[in-house]
Amino acid sequence: MTSRRSFLQKSLLTSICALAGLRTARLIAQSSGPGKGPLVISTWNFGIPANQAAMELLRKGHSALDAVEAGVQVVEADPESTSVGIGGFPDAEGDVTLDASIMDHRGQCGSVACLQDILHPITVARAIMERTPHVMLVGEKARQFARALGLPKVNLLTRTARKAWKEWKANNPKWRRFSTDISNHDTIGMLAMDTRGDLSGACTTSGWAFKVPGRVGDSPIIGAGLYVDNEVGAATATGTGEEVIKVCGSFLIVELMRQGHSPQKACEEAVARIRKRNPDQPDLFVGFIAVNKAGEHGAFATKQGFEYALYQDGQNTLMTSAHL
Ligand code: SD4
């Protein structure tokens, strides 16, 4: 698997270089030097405590991979967060189903979708990456895989989430209306650069509140909710996953950075494409964050209200994203 994957990556790189000419190859060479780690960036205000946990590991010399796993675990374990891990709002039948993905500096990745009863889907995603020849496991078999790892069964439906679901259900007996409210779209996506300048990323969510059972969003789809290329940079997404999947959002941003865009311009271009595809949906929310190998970052959203947390140069700061 590894050799096939690295062959495909090299082939893709070669084709892109051939298409874009030597200028692209020069930009890759410039951006693949040592970066400005340690650095952590993550979506929304719960990114602040998540960044803190990640940075503690980076400062001790741990890898970016260890850091992003530990960072997003903080939010997965927080019952107050209604869009990630325990406490996440359930699907239309009242089941909490979780999606997560992780990707490291070697381009290795793992993901899990529609996972029930497990507190840390990100740890399951990492185990899939490290212990199997596969990238993605889903549903009941993924749950069994997680249990076989020794992860305990946990009831993820909190009283608050159950109450919200009951209220939603009372108003939506036939699942006709699905909320697109921004408050239902608070995935944590995290990108980190370690002291060696290597990049990793993680993304984890309970997805769209009261979704159609079986629905999978962008977060566990490599290239949509998360993408890392250690030669170029990394990106992750939050918001309506269906629209992120349709443009391969995170992969698109990394490829735009490869072609010379700054992380900010790359995020803006990806958001512009989503807006162009959805001219009649002014309320559609999608946001991206990105970093490049130079330690520069970007963030952009379809609309106002997107915040992200940046931990760089010793400061863990809640930032307000620019938007369309
Ligand atoms: C999804 N993008 O499942 C995720 C959910 C989310 O902030 O709410 N992201 O579509």
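1. Start with helix α9, which is mostly covered in this predicted model. Of its 10 residues, 9 are buried. The buried set is G249, S250, L252, I253, V254, E255, L256, M257 and R258, so don't expect a purely nonpolar list: S250, E255 and R258 are among them because buried here just means under 20% relative accessible area. Just past the end of α9, G260 takes a positive phi of about 115 degrees.

2. What does α9 lie across? The helix, residues 249-258, lies across β7, β8 and β9. Relative to β8 (233-239), α9 runs at about 145 degrees. A second helix, α10 (residues 263-277), lies across β9, β10 and β13, and its angle to β10 is about 20 degrees. β9 therefore turns up under both helices, where contact means heavy atoms within 4.5 Å.

3. Now the sheet itself. It is open, has 5 strands and mixed pairing, and reads β7-β8-β9-β10-β13 in order. The edge positions go to β7 (226-229) and β13 (322-323); each has a single partner strand, so one side of each is left without a neighbour in the sheet.

4. Worth a look in the viewer is the β9/β10 pair. Strand β9 covers residues 286-292 and β10 covers residues 297-301; the two run antiparallel and are joined by 5 bridges. Within this pair, F288 stands opposite F300 in β10.

5. F288 also shows up in the packing. The largest nonpolar core has 74 residues, and F288 is one of those touching the most other members, along with V40, I41, I102, V112, V124 and I253. I253 is also one of the buried residues of α9. Which residues does V124 touch, leaving out those up to four places away in sequence? They are V112, L115, I118, F145, A146 and L151. Apart from the largest core lies another, of 14 residues, including I86, L156, L157 and W165.

6. Last, the ligand site. How many residues surround the ligand? There are 13, and the closest are T187, R215, D218, T238 and G239. For T238, a polar side-chain atom lies 2.3 Å from an oxygen atom of the ligand. For G239, a backbone N or O atom sits 2.7 Å from a nitrogen atom of the ligand. D186 also has a backbone N or O atom 3.3 Å from a ligand oxygen. If you're tying this back to the sheet, β8 spans 233-239, and T238 and G239 are among the closest residues to the ligand.

Terms used. Residues numbered from 1 in each chain as written. Predicted model: local features only at pLDDT ≥ 70, side-chain atom pairs only at ≥ 80, totals over all residues. Heavy atoms only, no water. Core = buried A, V, L, I, M, F, W, Y, C linked by side-chain atoms within 4.5 Å. Buried < 20%, exposed > 50% of the residue type's maximum accessible area, 1.4 Å probe, protein only. Pairing = 2+ DSSP bridges. Helix = DSSP H or I, 4+ residues; strand = E, 2+ residues; numbered from the N terminus. Axes fitted to C-alpha atoms, helices over the stretch in contact; angles between N-to-C directions. Near = heavy atom within 4 Å. Polar contact = N/O pair within 3.5 Å; in protein donor to acceptor, adjacent residues only side chain to side chain.
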